[in-house]
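Work through the exercises below with the model open. Try each task before reading its solution.

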Amino acid sequence: MRTILINGKVITPLGIIENAGVVVENGIIVQIMEGAYGSSEKGNAASAPAGNIWGLKENDEVIDVAGQYISPGFIDLHTHGGGGHDFMDGTPEAIIEGTKAHMRYGTTSIVPTTLSGSPEDLYRTLDLIRTCKEAEGIPNILGVHLEGPYFSMEQRGAQDPKYIRNPEKEEYESILNYSEDIVRWTVAPELPGALELGRELKKRGIVASIGHSDAIYEEVVEAYENGYNLLTHFYSGMSTVRRINMLRYAGVVESGYLIDDMYVEVIADGMHLPESLLRLIYKIKGSDKICLVTDSMRAAGCAEGEYLLGNLTTGQKVIVEDGVAKLPDRTAFAGSVATADRLVRTMVRIAGVPLADAVKMMTLTPARVMGIDGKKGSIAVGKDADIVVFDENINIKMVMIGGRLQVHPQIPT
């Protein structure tokens, strides 16, 4: 049986096709068609219009999206949890329910992310990801993002300082050899041993990211030459212009602008970065080099209130209000509670980015970073049928993963 979405606005990397639809068969996009169609009352082709230019068959499942947007599924490269769960809570439920929480907001592929912690917590999380990634009814788990523990103490942010240290070859090789699910690692490249780690990651096909770093431009250039090609949560946890004795040095932020081929992550929740910086990043880097990420903690998709930042054993209490997590004394943010739809909405409404570009930053660009753009990240013939449907306010109305409906159609009457 084929599934055919009709009467939508199909978002492609080049723009939006009005009055169009998508044909899905065996989990793959097999056709993109233009032209308005009348809906089928029975959800099949029995009452398809005369002429049947799409070649509809009697057993086809036809979904009339009634003018809503048909978009590639969102790809979140950096998230610590959601739905009340942290991915380091140490239970299968945390992985499964946390990823499902993001799926409801359009995420079809996800990279659960760890914090700097004990080796026991890390290995347990890696074990759970291996066990849970084949579960049904969840987004595609692309693998694990290790955020730490090789960070600058000056830029550690909410990372626990007792776990922060320099890279040691014996340690990181042991971790890398333990799990094939590690797909990216965030490191401060100025640390002793970090460049060698970057080369090792590149050799293994793992994305090497720069984050929680106090590096200057010259160190970032060297890191780029040694395999690092992504900046983790741009502007957060990284150096900007520094004065050392009499001289000023460009930091990681400026390096992100100066190195044309460097990708940057942006937490576009409307809180971590103001309109002016969102517009600046887009103006200089463009949609081909920006990945929107939630970097969310467990409260993503939940009501406001008190939560733990981090796992259930060692996490610290935070307050979620005004669409962001804050320290109890409200002196600083303590994490994002964003979902993917909110990121796209923020870039369109606040930063003034065209919808097609905002979607690209949540789909095709992260797919390219992860090297999966041959199968995911855009609506194109031959690619996986990871599709979301949303309305003009970017409220998610349908989620399809691998051709299977996970969030069933909510079509306006």
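Two strands pair if DSSP finds at least two bridges between them. Helices (H or I, at least four residues) and strands (E, at least two) are DSSP runs, numbered from the N terminus. The model is predicted: local features need pLDDT of at least 70, side-chain atom pairs count only at pLDDT 80 or more, and totals for chains, interfaces and linings use all residues. Residues are numbered from 1 along each chain as its sequence is written, and side-chain values use heavy atoms, with hydrogens and water left out.

**Exercise 1. A hairpin**

Find how strands β24 and β25 run, and how many bridges join them.

Solution. Strand β24 covers residues 396-401 and strand β25 covers residues 404-407. They run antiparallel, joined by 3 bridges. Next, take a residue pair: Ile 401 stands opposite Arg 404 in β25. Then look at the turn. The hairpin has 2 residues between the strands, and Gly 402 takes a positive phi near 60°.

**Exercise 2. Tracing strand β5**

Determine which strands pair with β5, and in which sense.

Solution. Start with strand β1 (residues 3-12). It runs parallel to strand β5 (residues 69-72), with 2 bridges between them. Lys 9 has Tyr 69 as its bridge partner in β5. Now turn to strand β23 (residues 387-390). β5 and β23 pair in the antiparallel sense over 4 bridges. Here Tyr 69 is partnered by Phe 390. Tyr 69 and Phe 390 also join Phe 74 in one aromatic cluster.

**Exercise 3. Ring pairs**

State how many aromatic pairs the whole structure holds, then classify two of them.

Solution. Set the rule. Rings of Phe, Tyr and Trp (its six-membered ring) pair if their centres lie within 6.5 Å; planes under 30 degrees apart count as stacked, over 60 as edge-to-face and the rest as tilted. The search finds 7 pairs. For Tyr 123 and Tyr 178, the ring centres are 4.6 Å apart and the planes stand at 80°, so this pair is edge-to-face. Tyr 123 lies in helix α2 (residues 119-132) and Tyr 178 in helix α3 (residues 169-178), so the pair ties together parts 55 residues apart in sequence.

Add accessibility. Buried means under 20% relative accessible area, exposed over 50%, partly exposed in between (1.4 Å probe, protein chains only). Tyr 123, at 22%, is partly exposed. Tyr 178, at 37%, is partly exposed too.

Repeat for Tyr 235 and Tyr 257. Their ring centres are 6.5 Å apart and their planes at 65°, so the pair is edge-to-face. Tyr 235 lies in the loop between β14 (228-231) and β15 (242-244), and Tyr 257 in helix α6 (residues 252-258), so the pair ties together parts 22 residues apart in sequence. Tyr 235 counts as partly exposed at 24% relative accessibility, whereas Tyr 257 counts as buried at 15%.

**Exercise 4. The nonpolar cores**

Identify the residues with the most contacts inside the largest nonpolar core.

Solution. A nonpolar core is a set of buried Ala, Val, Leu, Ile, Met, Phe, Trp, Tyr and Cys residues joined through side-chain atoms within 4.5 Å. The largest has 72 residues, and Trp 185, Val 266, Leu 292, Met 347 and Phe 390 have the most contacts inside it. Helix α9 (residues 355-362) gives the most to this core, with 6 residues. A second, separate core has 16 residues, including Leu 5, Val 10, Ala 20 and Val 24.

Now list neighbours. Contact means heavy atoms within 4.5 Å. Leaving out residues up to four places away in sequence, Leu 292 touches Val 266, Met 347 and Ala 358, among others.

**Exercise 5. Helix α1**

Check the length of helix α1 against its expected span.

Solution. The expected span is 1.5 Å times one less than the number of residues. Helix α1 (residues 92-103) has 12 residues and should span 16 Å; its end C-alpha atoms are 17 Å apart, which agrees. Its buried residues include Ala 94, Ile 95 and Gly 98.

**Exercise 6. Unusual backbone**

Which residues, Asp 322 or Ile 394, are buried or partly exposed?

Solution. Asp 322 has a positive phi of about 60° although it is not a glycine. It lies in the loop between β20 (316-321) and β21 (324-326). At 49% relative accessibility, it counts as partly exposed. Ile 394 also has a positive phi of about 60° without being a glycine. Its loop runs between β23 and β24. At 4%, Ile 394 counts as buried.
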